[in-house]
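Thank you all for coming. I would like to walk you through one model this morning, going from the overall arrangement down to a few individual residues, and I will try to keep to what can be read from the coordinates.

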Amino acid sequence: MLDAGTTRAGNGVYAATTWGMNGWSESMRQELLPSTRVILIQPGAVHTELPTHITHEATREAVQNGYAKANVQPKEIVEVICFVLARPRHLAINEVLLRPADQLG
């Protein structure tokens, strides 16, 4: 539920891997141009089954509380991806950060 611009105590590994993906995708984008486009899509909370796969009870409950309010549907993320991919190849869209309007950080 946290995006690349957000860090909090206790989410160091998540923040490191998320920020790492930013750097890795930008490096790949530069290495693979112009034949391949690399676009980083960073969704916030999306209404999915993710919380049901968490085995640590306290973590699952915390995530479920956040995701219970998530009104962004997976189909909406697909629509954004399709939009980005439909842009002309000469237009570089390096990354897209999207999340529910009421999601804090």
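**From a strand residue outwards**

At 24% relative accessibility, Ile-41 counts as partly exposed, and that residue, which lies in strand E1, is where I would like to begin. Please bear in mind throughout that this is a predicted model, and that the values I quote are computed from it.

Which residues does Ile-41 touch, once those up to four places away in sequence are set aside? They are Ile-81, Val-96 and Leu-98. With Val-96 there is a further point, in that the two residues are 55 apart along the chain while their C-alpha atoms are separated by 4.9 Å.

Let me now step back to the whole chain. It has three helices and two strands, and reading along the sequence one meets them in the pattern α-β-α-α-β. The C-alpha trace spans about 45 × 30 × 25 Å along its principal axes, and 28% of the 105 residues count as buried. The accessible surface comes to about 7,200 Å², and 61% of that area belongs to carbon and sulfur atoms. If we take the contacts with a separation of 6 or more, 63% of them are accounted for by residues 24 or more positions apart.

The two strands are a good place to see such pairs. Strand E1, residues 40-43, pairs with E2 in the parallel sense, over four bridges, and Pro-43 stands opposite Leu-98 of E2. Leu-97, also in strand E2, is 55 residues from Gln-42 in sequence, yet the two are 4.7 Å apart in space, C-alpha to C-alpha.

Which residues of E2 are on its covered face, and which on its uncovered one? Val-96 and Leu-98 form the covered face, whereas Glu-95 and Leu-97 form the uncovered one. Leu-97 has a relative accessibility of 45%, so it counts as partly exposed, the exposed class being reserved for values over 50%.

The covered face leads us to the interior. The largest nonpolar core consists of six residues, namely Val-46, Val-72, Ile-77, Val-84, Val-96 and Leu-98. The elements that give two or more residues to this core are helix H3, residues 74-85, and strand E2, residues 95-98. To take one member of the core, Val-84 is in contact with Arg-37, Ile-39, Ile-93 and Val-96, leaving aside its neighbours within four places in sequence.

I turn next to helix H1. How many salt bridges does a search of the whole structure find? The search finds one, in which the side chains of Arg-29 and Glu-26 meet at 2.8 Å, nitrogen to oxygen. As a general matter, side chains of opposite charge can pair when their charged atoms come close. Both partners lie in helix H1, residues 12-32, and they are three residues apart, which is about one turn of the helix. Their surroundings fall into separate classes: Arg-29, at 15% relative accessibility, counts as buried because the cut-off is under 20%, while Glu-26, at 26%, counts as partly exposed.

Thr-18 is also placed in helix H1, and its relative accessibility of 15% means that this residue, too, counts as buried. The Thr-18 side chain reaches the backbone oxygen of Tyr-14, at a distance of 2.8 Å. Gln-30, again in helix H1, is exposed, with a relative accessible area of 53%. Its C-alpha atom and that of Val-72, a residue 42 places away along the chain, are separated by 31 Å.

One last feature concerns the backbone. Most peptide bonds are trans. Here, however, a cis peptide bond joins Leu-33 and Pro-34, with omega at about 0°, and Pro-34 lies in the loop between H1 and E1.

To close, I would keep two items in mind from this predicted model: the parallel pairing of E1 and E2 over four bridges, and the six-residue core to which H3 and E2 each give two or more residues. I am happy to take questions.

How values were computed
Residues numbered from 1 in each chain as written. Predicted model: local features only at pLDDT ≥ 70, side-chain atom pairs only at ≥ 80, totals over all residues. Heavy atoms only, no water. Core = buried A, V, L, I, M, F, W, Y, C linked by side-chain atoms within 4.5 Å. Buried < 20%, exposed > 50% of the residue type's maximum accessible area, 1.4 Å probe, protein only. Contact = heavy atoms within 4.5 Å. Pairing = 2+ DSSP bridges. Salt bridge = Lys/Arg side-chain N within 4 Å of Asp/Glu carboxyl O. Polar contact = N/O pair within 3.5 Å; in protein donor to acceptor, adjacent residues only side chain to side chain. Areas by Shrake-Rupley, 256 points an atom, 1.4 Å probe, with all protein chains shown as cover.
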